[in-house]
Number of protein chains: 2
Amino acid sequence: MSDNNRRSMPLFPISIVISLTDLTARQIRYYEENDLIQPARTKGNRRLFSFHEVDRLLEIKDLIDKGVNLAGIKQMLAMKQEHLEEKAQAEIQQEDTTYNEDLSDKELRQLLKQELFDAGRLNKSSLRQGELSRFFH
Amino acid sequence: MSDNNRRSMPLFPISIVISLTDLTARQIRYYEENDLIQPARTKGNRRLFSFHEVDRLLEIKDLIDKGVNLAGIKQMLAMKQEHLEEKAQAEIQQEDTTYNEDLSDKELRQLLKQELFDAGRLNKSSLRQGELSRFFH
DNA sequence: CAACAGATGTTAGAAAAAGTAACATCAAAT
DNA sequence: ATTTGATGTTACTTTTTCTAACATCTGTTG
């Protein structure tokens, strides 16, 4: 399993997310209603959040605290996503043209996943994203 | 917050632990009853497990699968703990006699925690401990 | 072999946590 | 002065988790 997948595993009930983010249940549900997050659900319809989503909520909170409204946040998150995809693409090409001489398909896929993940971990300067990366091991 | 603390944060409800470990609720509660784990509780008395405890449960499961009974597991976990403490102690002394010239008390405590944590992350060869370290980031 | 102890399954009933939905509030924008 | 965006609050329902008791199964021991 890639690190990306690990960070996308639905693990946390809303109560824990509330304590980790200092958001209210109402806020979290409202942000979901407005498509800022998409928590998974248990069979019984309870929300389950991943690391990625908690990270995202921390970003959202930070922006809220700075007075950005939901529309603004939506834009920022979208832009960020694009940027990361670009960046990952660039790095993969870089990788491709430098030290990739004799790797098997399997190794290549592994590397790709790693790159994608690394990309995700960088570029978290201005926002509060990555808070959780520091939080957990 | 030290990594140790991060790994000791009560985060997971029993349902998630069940899915991560493939143990039954009955087993998990029974192991708690027999002091193999000490999950935290919510205000409302629901169990909350940390990374450390999930790791520990994976070790326990591995030993159970190998036919070790609870008494045996208890011994192994105790031994392991001792060994880690020894090791951490040794490493701290090492640290102490090499590059520790002018650290404040606070810095020392910080370092101590770090050492303890590093020790915890190593030496996970024979057992299945550390499974979670690979699982999450 | 019979009895026992260890480990786990199962069930019942109670309590906590989480869900939705509707209505309330309040500040900012129009 | 309204309207709208964001959040609080409350009521009621469903899911999840708890404890406790009893059932079952297996390996050990007298």
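**Helix 2 of chain A and helix 3 of chain A lie roughly perpendicular to each other (a class that covers angles of 65 to 115 degrees, whereas those under 35 degrees count as roughly parallel, those over 145 as roughly antiparallel and the rest as oblique).** The model is predicted, and local features therefore need pLDDT of at least 70 and side-chain atom pairs count only at pLDDT 80 or more, while totals for chains, interfaces and linings use all residues. Residues are numbered from 1 along each chain as its sequence is written, chains are lettered from A and ligands numbered from 1 in the order in which they are written, and side-chain values use heavy atoms, with hydrogens and water left out. The two helices pack at an angle of about 105 degrees, with their axes 10 Å apart; the contact is made by A:I14, A:V17, A:I18 and A:T21 on helix 2 of chain A and by A:A25, A:I28 and A:R29 on helix 3 of chain A. By class, five residues of this contact are nonpolar, one is polar and one is charged. Contact here means heavy atoms within 4.5 Å, and axes are lines fitted to C-alpha atoms, for helices over the stretch in contact, with angles running from 0 to 180 degrees between N-to-C directions. Helices (H or I, at least four residues) and strands (E, at least two) are DSSP runs, numbered from the N terminus. Ala, Val, Leu, Ile, Met, Phe, Trp, Tyr, Cys and Pro count as nonpolar, Asp, Glu, Lys and Arg as charged, and the others, Gly among them, as polar.

**In chain B, the axes of helix 2 and helix 3 come within 10 Å and cross at roughly 105 degrees.** That angle makes helix 2 of chain B roughly perpendicular to helix 3 of chain B. The residues in contact are B:I14, B:V17, B:I18 and B:T21 from helix 2 of chain B, together with B:A25, B:I28 and B:R29 from helix 3 of chain B. Five of the residues that form this contact are nonpolar, one is polar and one is charged.

**Helix 2 (residues 14–21) of chain B packs against helix 4 (residues 51–65) of chain B at an angle of about 45 degrees, with their axes 10 Å apart.** Helix 2 of chain B and helix 4 of chain B are therefore oblique to each other. Helix 2 of chain B passes helix 4 of chain B in a right-handed crossing (the near helix is turned clockwise from the far one by less than a right angle, anticlockwise being left-handed). Helix 2 of chain B contributes B:V17, B:L20 and B:T21 to the contact, and helix 4 of chain B contributes B:V54, B:L57, B:L58 and B:K61. This contact has five nonpolar residues, one polar and one charged.

**The surroundings of DNA strand C comprise 19 residues, of which A:S15, A:R47, B:T24, B:R26 and B:L70 come nearest.** Of the atoms of DNA strand C that come within 4 Å of the protein, 73% belong to sugar and phosphate. A residue is near a strand if one of its heavy atoms lies within 4 Å of it. Helix 2 (14–21) of chain A and helix 3 (25–33) of chain B each supply at least two residues of this surface, and helix 3 of chain B gives the most, with four residues. The surface near DNA strand C includes six nonpolar, seven polar and six charged residues. A polar side-chain atom of A:S15 lies 2.8 Å from a phosphate oxygen of DNA strand C, and an N or O atom in the side chain of B:T24 is 2.7 Å from a phosphate oxygen of that strand.

**Around DNA strand D there are 19 residues, and A:T24, A:R26, A:L70, B:S15 and B:R47 come nearest.** Sugar or phosphate supplies 71% of the atoms of DNA strand D within 4 Å of the protein, and the rest belong to bases. The largest share of the surface near DNA strand D, four residues, comes from helix 3 of chain A. A polar side-chain atom of A:R26 lies 2.8 Å from a base oxygen of DNA strand D, whereas a backbone N or O atom of B:R47 lies 2.7 Å from a phosphate oxygen of DNA strand D.

Conventions:
A polar contact is a pair of N or O atoms within 3.5 Å; within protein, one must be able to donate a hydrogen and the other to accept it, and residues adjacent in sequence count only if both atoms are side-chain atoms.
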